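Visitor: Could you take me through one part of this structure at close range? I would like to follow a single strand and its neighbours.

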Amino acid sequence: MQQKTRLFLQALKYSIPHLGKCLERQRLNHCHFADHCYGRIRLRNCHVTKCLQNKNKITELARHVPSRSFSSKDLPPIKQENEKSPSGNMDTFEKVRTKLETQPQEEYEIVNAEVKHGGFVYYQEGCCLVRSKDEEADNDNYEVLFNMEQLKLDQPFIDSIRVAPDEKYVAAKIRTEDSEASTCIVVKLSDQPVMEASFPNVSSFEWVKDEEEEDVLFYTFQRNLRCHDVYRATFGDNKRNERFYTEKDPSYFVFLYLTKDSRFLTINIINKTTSEVWLIDGLSPWDPPVLIQKRIAGVLYYIEHREDELYILTNVGEPTEFKLMRTAADSPAIMNWDLFFTMKKNTKVIDLDMFKDHCVLFLKYSNLLYVNVIGLADDSVRSLKLPPWACGFIIDTNSDPKNCPFQLCSPIRPPKYYTYKFAEGKLFEETGHEDPITKTSRVLRLEAKSKDGKLVPMTIFHKTDSEDLQRKPLLVHVYGAYGMDLKMNFRPERRVLVDDGWILAYCHVRGGGELGLQWHADGRLTKKLNGLADIEACIKTLHGQGFSQPSLTALAAFSAGGVLAGALCNSKPGLLRAVTLEAPFLDVLNTMMDTTLPLTLEELEEWGNPSSDEKHKNYIKRYCPYQNIKPQHYPSIHITAYENDERVPLKGIVNYTEKLKEAIKEHAKDKGEGYQVPNIVLDIQPGGNHVIEDCHRKITAQIKFLYEELGLDSTNVFENLKKYLKI
C-alpha cells in the first residue's frame, strides 16, 4: 500500500513551503515550508532503520495554518526503553547535497525525496528518478525511470514523489535550488519506462483510482506564488487534463491532501485564519466534491479519516486553540462534530498521524516535546515526555499499523530514531551510536519576563565545560511571525559554533507558534510590538543571568524574522554587536501597500492593511525597520539577499541598506577619529529561491563576518567547517 501523507500542522506561516512566504521559501513571509520541513540527515555506519521522506505535510502545503496547540491529559510519562534495531546501511544513494562529519569515521548525508510503494522504493540517484526492490534499496541494484537531464535544468532535485495506486505510473515534482519554479513529470512504468506527461508549476499532487480502475492525477497549479486552481488528468488511451476548481478569493490558497487510508482526497482552501475543506471520494473521483463545512471567519480545520469517521483538528469553540473532534463521514457538517480530545493551554500540535487503532499526536507543551498515543477503541491516552535535548520532530511516512517511527533532532544534534510500538505500549530508542555532543554540551530552557509580564520561553545551548560564560560569544535567534516555530532543525554550522565556545539562544517570542494559536495572535497585526518587547527582554535576561555581554552578542534572523531583528537594531542597538539577516523582510509599510506584489493580499491578516486602515498604517510605522532608521550607532549588519527572490523583493533590501548607510554616515560626522563605524554588508546571491539553507558560501561568509566583528580567533571554526561542509 502506498505511503500516505500525514497531517503536519506546524504553523500557519509557511504552510506551503514553496508558496507561502517566510520560512525557507516564503517571503518567509512576505516572506516558509521546514520548515520547509527539516532536512533528513542520516548517520552512516550506525544501527538505524531505513528512513523514508514524508509526503508533503499540511504545513508544507497549507501555507497558512497557524501553529496549533495541543494537549495531553495529565498522565504520567511512559518510561522509554531501549531496544537494539537490526543493523542497516543508511546509504540510499550516493548523491549527497551536504556531508557532515562529527568524527573522521562518521558521516552524515541529507536525503532527498523517497517513497516506498508495494515492494519498491522510489528515490533520486544522481540526476535520475529510480526504483529498487525494497530489500535491495541499500545497494546499487536499481532501475532508472527518468533522467532529469532531459529537462535541461541546472542541478535539479526531486522535491516529492507519488506512485499511482496500481503502480502503473509515478509522478515526481522536480525543482532546482535557485528557483521556486517546479515541473511535475509523469512516468509510465513498464519494461521501458517513458515520460507520459509533464506539467509546469505544480504545487501539490495526489493519485486516486476511479471506478474503471483508471489512475487519476489531481494537482494544483501555482501562478505568481498563488495557488488557486485544481486540475485532474488521466493518461494512456483515455488522456485528458481539465481544471475543475478555481478559488476566487485571492487571499486564499489551495492545496491537496490524501487521507492516510486513501479513502478521501481533500481540497483545502485556507488563508491565515480561516479554512474550508471539500472531499473527493477516493472510490468515485469523478463525482462532485462534498463540502465539509463552509468557511467561517476565524475557524480553521483539517481532516483525517478512519473507518467511516472523520477526525477533525480544529480551533472552533472556546478556547480558540486546536482540539480534536470527530463525526460520521456521511454527516460532516460542523453541527455534528463531537469533541474527542482537548488541548492544554500553551500546547501546540506539531503533527497528527492516524493508524488502524490509534491516533498519534506530536506535541510541544511549555517548550518541551511530547507524543500522545490515543487508543481509538477505548479512548485511552498515553503521554510520553521526550528527551529534554530534543527540539524538533521528523515524522517518517509509515504504513505499518503496528509501529509509529519518528526522529528527534536539535540545532546541534543530528536526528535520532525512535519507534513507538502499539502492542507493547512502549517507546523504543535506536541504539548503536550515541552522539558525543550529548556529553559535551548542555541544553537549558529558561524564561524571560516581557514588559507586560508575559513569560517568553528560551532554549539555550553551550559547552558543558565552558567557564565564565559572561565572556563567551552569544548568538541569538528570533523569528516571531505567521504562527511558525523558530526553526530548530540540525545545522552543522551551529554545532561548530557550540564546539568553539559559543552560546546559542533561541527566543520563542510572540507572533510565533511555540505556545499555540493565541501566542501567534498576541504577536500579529496591532500586537506586533509584543514580539519586539519579547526579544528585548530575552537578550537582557540572558545578559543578566551571566550569558555573554552586549559586546559579544550577535542576532540572527531570516525572512519575516528580519522585522523584529531590524526593529531591535533601531530601538535598542546597544544590546548587540553584530547581526546576520537572510532574505529579510525590512520594509513592511511599502510592501503591504503594494497590492501588485503576489503575496500582499495573503499577508493582510498578519501585518494589517495600511492602504485602507489608518490605524494599521500608523501602527506599522512604529516598528517597520525601514521607516525607523535614524542617525545613531548601529551594530554591524550582514545581509544575504537573493537576486530574483519573489517573496522578499531585492529592491526593498537594497533601499534599506542604502538608507541605513546614510544614517550611519550622518551619525559618524560628530564622532572623533577613533569612532568605529559599523560594518554594513549586502551580499547578493544569484538565483530566485527565497532561502538556500545549505549554501556553503553563505554559511562561511556569515561566520567569517561574526568572528571578525566580535574580534574572535576563527582558526578552529573554519578547520571544523571544512570537515562538516567539505569546503
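**A close look at strand 37**

Guide: Happy to. Strand 36 (residues 474-477) runs parallel to strand 37, and four bridges pair them. One contact to look for on screen is H477, whose bridge partner in strand 37 is Y506. Between these two strands the chain passes through helix 3 (residues 492-499), making a β-α-β crossover that is right-handed. Please keep in mind that this is a predicted model.

Now turn to another pairing of strand 37. Strand 35 (residues 455-463) is joined to strand 37 by four bridges as well, but here the strands run antiparallel. F461 is a good landmark for this pairing, as its bridge partner in strand 37 is L504. So that you can place both landmarks in strand 37, look at how its side chains are directed: L504 and Y506 point one way, while I503, A505 and C507 point the other way. Residues on either side are buried.

That fits the picture for the strand as a whole. Strand 37 covers residues 503-507 and is mostly covered, with five of its five residues buried. For a bench reader, buried here stands for under 20% relative accessible area.

To retrace the path, start at strand 36, go through helix 3, and arrive at strand 37. From there, find L504 and step across to F461, then return to Y506 and step across to H477.

Notes
Residues are numbered from 1 along each chain as its sequence is written. This is a predicted model: local features need pLDDT of at least 70, side-chain atom pairs count only at pLDDT 80 or more; totals for chains, interfaces and linings use all residues. Side-chain values use heavy atoms; hydrogens and water are left out. Buried means under 20% relative accessible area, exposed over 50%, partly exposed in between (1.4 Å probe, protein chains only). Two strands pair if DSSP finds at least two bridges between them. A crossover is right-handed if, with the strands pointing away from the viewer, the path from the first strand over the helix to the second runs clockwise.
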